[in-house]
Amino acid sequence: MIAELQQAVAHYAHALDELNVPELEAVLTEDTTWTFTMPGQGVLGPVAGRAAVLDFIRDGHTAQTGRVRHHLGNVVVTTTDAVTAEVRAYLVQTRNTGESIQMISTGVYKFCLRRSDGGWRIAELTLTLDNAV
């Protein structure tokens, strides 16, 4: 089960970086919520519902320059039962412009996942960037 949870989180990161909407839809619950703590902006969200989250992601992709990657490390399953789980992971976000590679941010993700349709999906995502606290 732990490997399945880690895979769900990894699928999220890959789909986010590639703006793979079908894969994002597959890894998010219909009622997913996202909340972010950003430097200089405080808490943003929650962005509620899969459609709103996908719009939020599309807007973010439109605004970004270069190739952005979400590198998730130290992925730890902290609680779980048969249908719910909590996973924490560190984030290092990079941008490759073709001329330079930059570290954009670091932070901590908390994913609350729920088993549905035979797989794990993200029901709640919380991201706190390190320089926001």
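Biologist: Let's start with one residue. Which residues does serine 105 touch, not counting residues up to four places away in sequence?

Modeller: A contact here means heavy atoms within 4.5 Å. With residues up to four places away in sequence left out, serine 105 touches Leu91, Val92, Gln93 and Leu129. Before we go on, a word on the source: this is a predicted model, where local features need pLDDT of at least 70 and side-chain atom pairs count only at pLDDT 80 or more, while totals for chains, interfaces and linings use all residues. Residues are numbered from 1 along each chain as its sequence is written, and side-chain values use heavy atoms, with hydrogens and water left out.

Biologist: Is serine 105 buried or exposed?

Modeller: We go by relative accessible area: under 20% is buried, over 50% is exposed, and anything in between is partly exposed (1.4 Å probe, protein chains only). Serine 105 is buried because its relative accessible area is 10%. You will find serine 105 in strand E5.

Biologist: Names like E5 are new to me. How do I read a sheet?

Modeller: Strands of a sheet pair through backbone hydrogen bonds, either parallel or antiparallel. Helices (H or I, at least four residues) and strands (E, at least two) are DSSP runs, numbered from the N terminus. Two strands pair if DSSP finds at least two bridges between them. In this model, six strands make an open sheet with mixed pairing, in the order E2-E1-E6-E5-E4-E3. Strand E2 (42–48) and strand E3 (67–80) are the edges, each pairing on one side only. From one strand to the next, the twist averages 20°; for such angles, axes are lines fitted to C-alpha atoms, for helices over the stretch in contact, and angles run from 0 to 180 degrees between N-to-C directions.

Biologist: How many bridges join E3 to strand E4?

Modeller: There are 11, and E3 runs antiparallel to strand E4 (residues 84–96). The two form a hairpin with three residues between them. To see the pairing, find arginine 67, whose bridge partner in E4 is asparagine 96. Histidine 71, in turn, stands opposite valine 92 in E4.

Biologist: And how many bridges join E4 to E5?

Modeller: E4 and E5 are joined by 13 bridges and run antiparallel. Asparagine 96 turns up again here, with isoleucine 101 as its bridge partner in E5. E4 and E5 also form a hairpin, with four residues between them, and glycine 98 in the turn has a positive phi of about 95°.

Biologist: What should I know about backbone angles?

Modeller: Most residues other than glycine have a negative phi, and most peptide bonds are trans. Leucine 19 is not a glycine, yet has a positive phi of about 50°. Leucine 19 sits in the loop between H1 and helix H2 (21–27), and it is partly exposed because its relative accessible area is 33%. Asparagine 74, also not a glycine, has a positive phi of about 50°. Asparagine 74 is in strand E3 and counts as exposed, at 54% relative accessibility. As for peptide bonds, a cis one joins glycine 45 and proline 46, with omega about 10°; proline 46 lies in strand E2.

Biologist: Where do the helices go?

Modeller: Helix H1 (residues 2–18) packs on the sheet, touching strand E1 (28–38), E3, E4, strand E5 (101–116) and strand E6 (119–129). The direction of H1 makes about 160° with that of E3. Helix H3 (residues 50–63) lies across E1, E2 and E6, at about 45° to E1.

Biologist: Can we look at a residue in E6?

Modeller: Try leucine 125, which lies in strand E6. At 0% relative accessibility, leucine 125 counts as buried. Leaving aside neighbours within four places in sequence, its contacts include Tyr12, Trp34, Phe36 and Phe111.

Biologist: Last one: how do I read a pocket?

Modeller: Rolling a probe the size of a water molecule over the atoms shows where empty space is left. On a 1 Å grid over the protein atoms alone, where a 1.4 Å probe fits, a pocket is an open set of points with protein on both sides within 12 Å along at least five of seven lines; lining residues have an atom within 4 Å of a point. The largest pocket holds about 600 Å³ of space. It is lined by 24 residues, and the closest to its centre are Met38, Phe56, Gly60, His70 and Gln93. H3 gives the largest share of that lining, six residues.

How values were computed:
Grid points are joined across faces, edges and corners, and a volume is the space filled by probe spheres set on the points.
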